[in-house]
Structures are given as structure tokens and as C-alpha cells.
Amino acid sequence: FLSTPGPSTSPQLLPYRWGHDVPVPIPGPASATAGGALPQFVQGRGAPLVLLPGLSFSHGIPTGIIRAFESALALGLSAHHEVHWLGRRPGVPAGYTLADFADDYADEIRGRFGRAMPVVGFSTGGLLGLQLALDHPDVVERLVVIGAAGRLSDSARASDRRWIAALERGRLADAWGALVSDITDHAAAA
């Protein structure tokens, strides 16, 4: 169970894999990068790598339980790497494409690191990582894609449209429902 971060620096606990608790460090306050247009936080020590997250309900630095979830994703990587979680640009206009997001990531990587970086993309971040490697191979040293599709199925596109519509109406529970129903429908069919 996740406890509220307090003044203690000890790791917080998050339920993981059928009830096994693992410590999940809740990173301290995140800050923008030098010239950084993208929200981000950094955790871990070692060789730097870039982590592109999956779908989010906002394009800002995650907080609360969402921050804990994103930190848990980076947990295994942060044992040996300085993980740079890069979110997506806030306030994007209608019609923004995967290629536009890949351009944002490329600009951020060039500005922050000045060289090609190892990139890990999770879910939608994996799809964006593929677009980044395709459009900007000069910034991707190597790419790991986790839990992402090469393209969205018709049902996934419909789910994404329901998710976006719910978010635009401010209906967070309905947005979660759209995502979960698509996942559970596919799991039941398997």
C-alpha cells in the first residue's frame, strides 16, 4: 500500500504483483531541465537513460499515486541508471501527432544531453520511442520498447477516443473505465 510521503527518506510501499510489497522511492520535487520544455523527474544513479511514459491524464509532472506508479516503472532501471522520465508537452494544440511529440523529445534530448541516449518507452511511450528512432535516429543510441503496439487496433483507437472525450469532459473515472474496458476485453478474449 502506498503511504503518503512524509519527511522520512525511507522508501514508500506500493502493492506489487499479487500482494508482494516492494519499496518504491518517491522522488523529491521535480524541476524543469535547462532549456527543458518537457515535464520530467529524475531518479537513480548511474549512466543516464531516457524513459518515455505511457498515456497520462495530464501532460505535467505526475503527482500522488500516479507519480508512485511512474516511479515504480523506473524502479528496476534506476538501480543502475539515472532515469530521466520525460513527459509530454503540456498544452498541445488539436491535431498534434506522434511525429510532433517525437520532435519535442528529440529537441529535449539534444538540448539536455547533446548526444544520442538509450531510450526506454513504455506503452504509448514505446510507440513514441519508435517514432523518435524513425524520425531522429541521431538522438537514440538504442531503444527498448515495453508493452507497446506497432499500431493501434480499431478497438484501441475507439478506446482512446472514449478516453480523450472523457478527459475533455473532466470525467476522470470514465476515462479510466475506457482504458480498463479495452484491456479487460482483450484479456477475456485471449
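This report walks through the fold of one protein, from its overall layout down to a few individual residues.

## The big picture

First, keep in mind that this is a predicted model. The protein has 190 residues, and 32% of them count as buried. Its exposed surface comes to about 10700 Å², with carbon and sulfur atoms supplying 60% of that area.

What is the chain built from? There are five helices and seven strands. If you follow the sequence from start to end, you meet them in the pattern β-β-β-β-α-β-α-β-α-β-α-α. The chain also brings far-off stretches together: take the contacts between residues at least 6 apart in sequence, and 65% of them join residues at least 24 apart.

## The sheet

Five of the strands form an open sheet, lined up in the order E3-E5-E4-E6-E7 with mixed pairing. E3 and strand E7 (140–146) sit at the edges with a single partner strand each, so one side of each has no neighbour in the sheet. From one strand to the next, the twist averages 25 degrees.

How do the strands pair up? Here are three of the pairings, each with its direction and its number of bridges.

| Strand pair | Direction | Bridges |
|---|---|---|
| E3 and E5 | antiparallel | four bridges |
| E4 and E5 | parallel | five bridges |
| E4 and E6 | parallel | three bridges |

You can spot single residue partners in these pairings too. Glutamine 40 stands opposite leucine 86 in E5, leucine 49 stands opposite valine 83, also in E5, and leucine 51 has valine 120 in E6 as its bridge partner.

Now for the helices that meet this sheet. Helix H2 (residues 98–113) lies across E3, E4, E5 and E6, and runs at about 140 degrees to E5. H3 packs on the sheet as well, where it touches E4, E6 and E7, and its direction makes about 150 degrees with that of E7.

## Two residues in the sheet

Let's zoom in on leucine 51, which lies in strand E4. Is leucine 51 buried or exposed? Its relative accessibility is 4%, and since anything under 20% counts as buried, leucine 51 is buried. Setting aside neighbours within four places in sequence, leucine 51 is in contact with Ala74, Leu77, Val83, His84, Trp85, Leu86 and Val120. Leucine 51 also shows how the fold brings separate parts of the chain together: its C-alpha is 5.8 Å from that of glycine 121, although the two are 70 residues apart in sequence.

One of those contacts, histidine 84, deserves its own look. Histidine 84 sits in strand E5 and is buried, at 2% relative accessibility. Which side chain makes a polar contact with the side chain of histidine 84? The partner is arginine 112, at 3.3 Å. Not counting residues up to four places away in sequence, histidine 84 touches Gln40, Phe41, Val42, Pro48, Leu49, Val50, Leu51, Arg112 and Phe113.

## Aromatic pairs

A pair of aromatic rings is described by how far apart the centres are and by the angle between the planes. How many such pairs does this protein have? The count is two.

In one of them, the ring centres of phenylalanine 41 and tryptophan 85 are 5.1 Å apart and the planes are at 10 degrees, so the pair is stacked. This pair links distant parts of the chain, 44 residues apart: phenylalanine 41 is in strand E3 (residues 40–43), while tryptophan 85 is in strand E5 (residues 81–86). Phenylalanine 41 is buried at 3% relative accessibility, and tryptophan 85 is buried at 4%.

The rings of tyrosine 96 and phenylalanine 101 make up another pair, with centres 4.8 Å apart and planes at 80 degrees, so this pair is edge-to-face. Tyrosine 96 is partly exposed at 24% relative accessibility, whereas phenylalanine 101 is buried at 11%.

## A residue to look up

Finally, find serine 123, in the loop between strand E6 (117–122) and helix H3 (124–135). Serine 123 is not a glycine, yet it has a positive phi of about 60 degrees. With a relative accessible area of 27%, serine 123 is partly exposed.

Notes
Residues numbered from 1 in each chain as written. Heavy atoms only, no water. Helix = DSSP H or I, 4+ residues; strand = E, 2+ residues; numbered from the N terminus. Buried < 20%, exposed > 50% of the residue type's maximum accessible area, 1.4 Å probe, protein only. Contact = heavy atoms within 4.5 Å. Areas by Shrake-Rupley, 256 points an atom, 1.4 Å probe, with all protein chains shown as cover. Phe/Tyr/Trp six-rings, centres within 6.5 Å; stacked < 30°, edge-to-face > 60°. Pairing = 2+ DSSP bridges. Axes fitted to C-alpha atoms, helices over the stretch in contact; angles between N-to-C directions. Polar contact = N/O pair within 3.5 Å; in protein donor to acceptor, adjacent residues only side chain to side chain.
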